[in-house]
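This report takes a short tour of strands, a surface patch and internal space. Please keep the view open while reading.

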Amino acid sequence: MKTVFNKYTTVAFTALLLSSGCTKEFDDINTNPSTYTQSSFDANYLLTTAQLGYTGSSDFAYDTWRANLIYSSTMVQGLSTVVSYWAGDKYLLNEAYTAAYWGGTTVGAYVEQVKPITDMVQFTADKPKYKNLHQVGRIMRALIMERLTDLYGDVPYSQAGQGYYTGVITPKYDKQQEIYADLLKEVEEATAALDPAADIPTGDVYYRGNIDQWKRFGNTLLLRMAMRLTKADAATAQAYATKVQGKTMQSNTDNAFVTHDISGARVTQNRNSQVLLGDGGQENYYVKWSKTFIDYLKNNNDPRLSKIAVTQLYLTDVTKNQNAAANSSAAVQKGMPNGKDLSGRPAYDISAAPDYTTFPDYSSPSPGMIKRNGPTFVLTYAESELLLAEAAQRWGLGSAAQHYSAGVTAASTYLSQYDAALTVAPADVATYLTAHPYSAATGLEMINTQYWALTNTMLDFYESWANWRRSGFPVLTPVVYPNNATNGQIPRRFPYPTTEITSNPDNYRAASAAVPGGDNLSGRVWWDR
Amino acid sequence: MKKTTWLTILLLLGLHGWVQAQTTPVTGKVSDVKGGALPGVTILVRGTNQGASTNADGTFSIAVADTAALVFSSVGYNPQTIRVARQSVINVTLSENTQALDEVVVTALNVSRERKTLGYSVTEIQGNSLTQARENNVANSLVGKVAGLNVNSTAGGPGSSSNVIIRGVSSLNQTNQPLYVINGVPVESQPSGGAGAATGNNGGQYDNAPDLGDAISNINPDDIETISVLKGAAASALYGYRGKAGVILITTKSAKGNDGLEFNSNYVAEKIYNLTEWQYEYGQGTNNLKPTTAVGAAQVGNSSWGGKLDGSNVIQFDGTTRPYVAQKDNLKNFYRTGNSWTNTLSFSKSFTGGAVRLSASNLSNNSVVPNSGLDRQTFNLAGTFDPFKHLTIDARANYILEQAQNRPILADGAGNANFNVAFLPTSIDVRSLQPGTKADGTELIYNTGNPYNTNPYFAAYNFVNDTRRERLLSSVSARYTFDKGLFIQGRVGRDGYTDRYTNVTPSGTGYLTAGKVIELTTQFTDLNADGLVGRTFKVGEDFTITPNLGTSYRRTKSEAFRNTGTDLAVFGVNTIGNAKNKSTEYFYSDQEIHSVYGSLDLSYKEFLFLTATTRRDWFSTLATPGVDNDLSVTYPAVSGSFVFSELWKPDFLSFGKIRAGFSKVGQATNPYQTQLSYAFLAPTLNGLPLGTISPDNVNIPNRNLLASTATEFEIGTELAFVQNRVRLDLTFYKKRSKNEIVFAPASISSGYQGAVLNAGEMENKGVEMLLTFVPVKTADFTWTSSLNGAYNKNTVLSLAAGQQQSVYATSRSGVGFVGQVVGQPFGQVLAYDYKYNPDGSIATTTNGVPVRGELTSYGTAFHPWTAGWSNDFTFKRINLGVLIDGKFGAKIFSATDYYGTVFGLRKETLVNREGTFGADKVDAATYYSTLANNVSKDFVQNANFIKLRQVTLGYSFPSALFGNHIQRLNLSLVARNLFFISRKTDNIDPEGSYNAFSQGLELGGVPPSRTYGVNLSAKF
């Protein structure tokens, strides 16, 4: 029996040795052959994803639909609708929609923008072959974070997107004041560190890696961030506006935009277009330019009106086919009032509006702007010049009138970047400017109303809303709608997503309690004091 | 047609063959040792459920194959097995059973052992108890039958998955489903959606997908001989990392001693029951107004905040004017009577040196959901061969073809017929939404205000969610036994399947006009090989020692291609070829585990037994390139049993045993959780690749990951009294899991959904009881009653550092959650409480709407108390079985009530319906929907229930009736899920979770249904 036991022992040891000896292959088995590691991956690919992500979610324009369109566009009276779930048009609160920009586990800014760009910045740090890519990444991260903080106020910033590198899974909320200070520092440093002699970022879809353009982009972004602070910290605003003089964008060719791609379906198609073409509902028929916006263009004989607006685009609420004979004549354009519905109640039903005829008689954004492969504008020369005009008006930095003229001109001429059909003749802009010369007395209102019109045409309603909150222009009359969540005032901020209650409870609680005016649609971000 | 053709062929073959030639009529008499006649003795043909019983005078007659063996058994007597061997008269004497419970059960590694030797609790279920009143998913048949086994079916329609939890949830984030071992071969059975590529419903807040079923649901219950449930770690320790959640061993039927042809046919009809009780005073509309235009009616969609239902003619979404009256029968009018028809034919043949069994089965199911159903064909071949002395080869193949048509989408309204029928406004007749399409083939949209709420007919008839599975489960084992008893055994098993999933959002869908097609192909293989050597040594007269040593190897791979096509070019051609934009994604997963194990069984006389086992596993999934982690974990286990009735046996006691076991088990995780990797999105942007962090790493990877472990202690007793007419099996256990591999939820602002951490500790302790008694036993009438009950107290002791609470699932409503709270049982249902003022009153806004307070846990989603009571009455040839089961102590979050409130359907919304609230005079619709969003605790419901689960009434025809050409013919009337004897939920099914991953959340599932029908089984 002893020998038998010895046999067993031998077998056992052999088995043990064999088993443990084979685990050498386990490293290979536990490396997915269909993925890459940092050593086999090009960080440029992450830049492309972040730039596309900044135009909106790859999952059916998730954030664009809710934050840019349903809320921002209607609150600033750029667009108007009777679609019942467009809560922003009536200042109703839909927590899921106001949380959409922040996003969830698969969609939204943190996971689709902050994550790839933060990873790219870390990935490229101290790697000579990514010298410029790293700086572009820092600028992009600042651009991305700016919009997040503009929408929500204090947000996770310094620890955001860093989970893999720091292990922090409940990032703290940084104060917006500190965020802005760091954004300005980051963009200034990164812009200065861009080196035309170093690597060309091949993943860049804005400028195809043109470093000189990136420098101008960086300085223009710095200007825009600085001007956001005119209410809260005018000195800082002035200091940075002074620093960037002469270094900002020079023409419409410096405009940063992403040209979308039909072939990738929702992932790569233009976000605003997916929604406004009615891919997910009847937005194509029921979402119109706001009466406020069309009236402004019409009353001032704005040459853009016949370019950006058409009537009779969709003739029935069931068709997605555009009417080839849509009418772009400026004379027939008519905006739809905000705050209307289809309830049958005379005070609110659109059919009881004074000039209501039919839906096709209201102006829709022109088909040239709403293309699946059309551009999403990120930052434009026209914005830059209007911001410079304001800086000049406030602090005597150059000629406000000159910057105003350049801004207004570019705000019309850039439309050709949408589509040749949207080309505005320079002569028409000149006529317009002659009719509306810059007046220092009403300069801030003129500049910021122009800025509003410009960002509306860019369909960048995030920017329209932010600049309206900062400047107060144009003066908008709030809509009156029963049961609204803001006591009849235009909302100033998005409440924090309730997902943070469960995933980041302590930081959420502190941040939520710290919002001046409360963690709701009426609370205010720091720069909007 | 096809199905019946092969059935016919097999039937003819069978009848023409050897069947009649080899059947012998056998008669005889059974008596006790004193010569008295024994009535009511069960005579079973071994390995089958074919049988007879003795009459009042102890006589019997049965027609059997002459190679068969008859098992004579009666409660309180030792069973006897006698080979027929061409005898026509068999007289048997049964001795009284003094050592009861010496039945043999299947234990780990498919080793059959006498129950009395086991130091842990094992429950065995006979296959025939699963086949009369059957479920399409055999796991659901186990509900109420095993103490400590908590089975939850899901509201996912035909072929949906089942949530099986043994002795409480034992892992915070890894699988809690038991390991299924079929004929010795381990088989994964995760509920659907586990793999990266699956587009099934994962229980995520926005998962808008069907339940794609699990692997266990493929098994044909007719092929099952026994199911053995290894509940505790001591029993399952030899399965190492796969034994943590318990093990269910399934042994399929083999041919041994059971020659002949068997046929089973089962037909059941299925009808839903409507548990919703909405308000029927106000109809569709808003602001207490009836719609006045078709456009307006379509915009208000699901809102029942309209005017008083007054019978007037009101325009509806389609421009048609209909009476404004309550529609209470929408569920009844939409769902149809479903049915399932299962036919199984098997034949067995023994020959010199072996035996073969072949079975073929067809299941044809029409779901209660229109245009939805399931077809399944299974073929099972089992053979044992003794090619020469000492060597036994056992080879089995189980080939499964399963096709599910239109698995219903769950939860949210998009493409989900269930949701859209459930929440139709009170004044809309579902039939007015027929046929779901307009003349041009596009969706007849009833809710333009939210086109994501799909017309239910369009969802049922135009959406496609078809799955097709082709699966082969095969195994070969060879065992060589030397003369002195040393044996060597080798076994190779492979589970391989190819799944095809076609998901079509048709062109013309309201929310996706251009349509979308997904074609997913998954190939899965799981290869297991093991070897075992062992021998029993006798030491002196009283001691035996049995050492066993084994090693095993496992390789599990899956590979999937997902092709997505969007923007269908030609309207109505819903194929991927017709898509303007196409993209392909590739998913891959691979893991390997090496193991060695050994066991040592000691026994002293016939009353003292000790088993010690140990196992060590090495996991590829813990490997990190460049890091020298410990890839292995060792699990020791020891258990013992003491049959004290061998030493001390007073009159009242027939049998007595105590047992105890201690063991350690463990668990690793999925592949690719140890390093960060990058991948690409499927499309490119104007030719530029879109790089991303790999979907493998939605959680922050962990370079230093270790296996988790759990230790369990159990103690129990088995007692039998009054000649074994009363039996009691009692177990206490305590199990502690630590160093759990958790996906600690992260704020998405970190960039990740969570982090893979070794953290967390959890405890389960509980008691299980099985009481079987025979209150009446006469010659003609026997009543057997079996009561099982279990209580499991789970406590989450700790989570990731600094975390007191972690939410793992969110209701679609966004205001109900399931998560962990330190100090509370696993799976707390969480909702928002009121906010309270310092004086204790409820805080409200200026509008008078209560304000949202703290997120509060209201109790676990997993019932700590489970019980089942089955009663079997046998009167002569008639048998009646009744099973009642109940579960207690759990909560469920009713998103149905949330939407019922928001849409103005719930009765509670009638209060002050036409009035205003607060200083700002908000209307009722705004008040109630804001309230629902702010304070959700009212939607947490008590999920206790008692259900009449199963009733069977059978009659066994005497063979003589058919001139003994038919050995056995049983006909039964069967019914399952008849009704709730007690239920606390309103509007919903307490068992209605839409997904196995997120038990405690429900919405938009298939309503509960009862089935009733007939089962015919015959043996020729």
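How many bridges join strand 2 of chain B to strand 5 of chain B? The count is 4, and the two strands run antiparallel. The model is a predicted one.

**Strand 2 and its neighbours**

Strand 2 covers residues 42-45 of chain B. Strand 5 spans residues 69-73 of chain B. Strand 3, residues 51-53 of chain B, also runs antiparallel to strand 2. Here 3 bridges make the join. The table lists one facing pair for each of these partners and one for strand 39 of chain B.

| Residue | Opposite residue | Strand of the opposite residue |
|---|---|---|
| B:L44 | B:V71 | strand 5 of chain B |
| B:T42 | B:S53 | strand 3 of chain B |
| B:N699 | B:G754 | strand 39 of chain B |

In a regular strand, side chains alternate between the two faces of the sheet. Strand 2 of chain B shows this alternation. B:I43 and B:V45 point to one face and are buried. B:T42 and B:L44 point to the other face and are not buried.

**A three-stranded sheet**

Chain B also has an open sheet of 3 strands in the order 35-39-38, with mixed pairing. Strand 35 (699-700) and strand 38 (741-745) stand at its edges. Each has a single partner strand, so one side of each lacks a neighbour in the sheet. Strand 35 pairs with strand 39 (residues 754-758) in the parallel sense, over 2 bridges.

**Nonpolar patch**

A nonpolar patch lies on the surface of chain B. Its members are B:Y267, B:W341, B:F875, B:I878, B:L953, B:Y955, B:L971, B:L973 and B:V1014. Together they have about 770 Å² of accessible area. Strand 52 (945-957) and strand 53 (968-983) of chain B each give two or more residues to the patch.

B:I878 lies in strand 47 (residues 878-888) of chain B. Is B:I878 buried or partly exposed? Its relative accessibility is 36%, so B:I878 counts as partly exposed.

**Cavities**

The structure holds 18 cavities of 30 Å³ or more. The largest has a volume of about 650 Å³. It is lined by 37 residues, and those closest to its centre are B:E135, B:T154, B:E270, B:N977 and B:S1009. Several strands of chain B give two or more residues to this lining, including strand 17 (260-272), strand 20 (338-351) and strand 55 (1009-1019). Strand 52 and strand 53 of chain B are also among them. The largest share, 3 residues, comes from strand 11 of chain B.

Notes: Residues numbered from 1 in each chain as written. Chains lettered and ligands numbered in written order. Predicted model: local features only at pLDDT ≥ 70, side-chain atom pairs only at ≥ 80, totals over all residues. Heavy atoms only, no water. Patch = residues over 30% accessible without salt bridge, like charges linked within 9 Å, V, L, I, M, F, W, Y side chains within 5 Å. Areas by Shrake-Rupley, 256 points an atom, 1.4 Å probe, with all protein chains shown as cover. Salt bridge = Lys/Arg side-chain N within 4 Å of Asp/Glu carboxyl O. Buried < 20%, exposed > 50% of the residue type's maximum accessible area, 1.4 Å probe, protein only. Pairing = 2+ DSSP bridges. 1 Å grid on protein atoms, 1.4 Å probe; cavity = no way out; pocket = protein on both sides within 12 Å on 5 of 7 lines; lining within 4 Å. Points joined across faces, edges and corners; volume = space filled by probe spheres on them.
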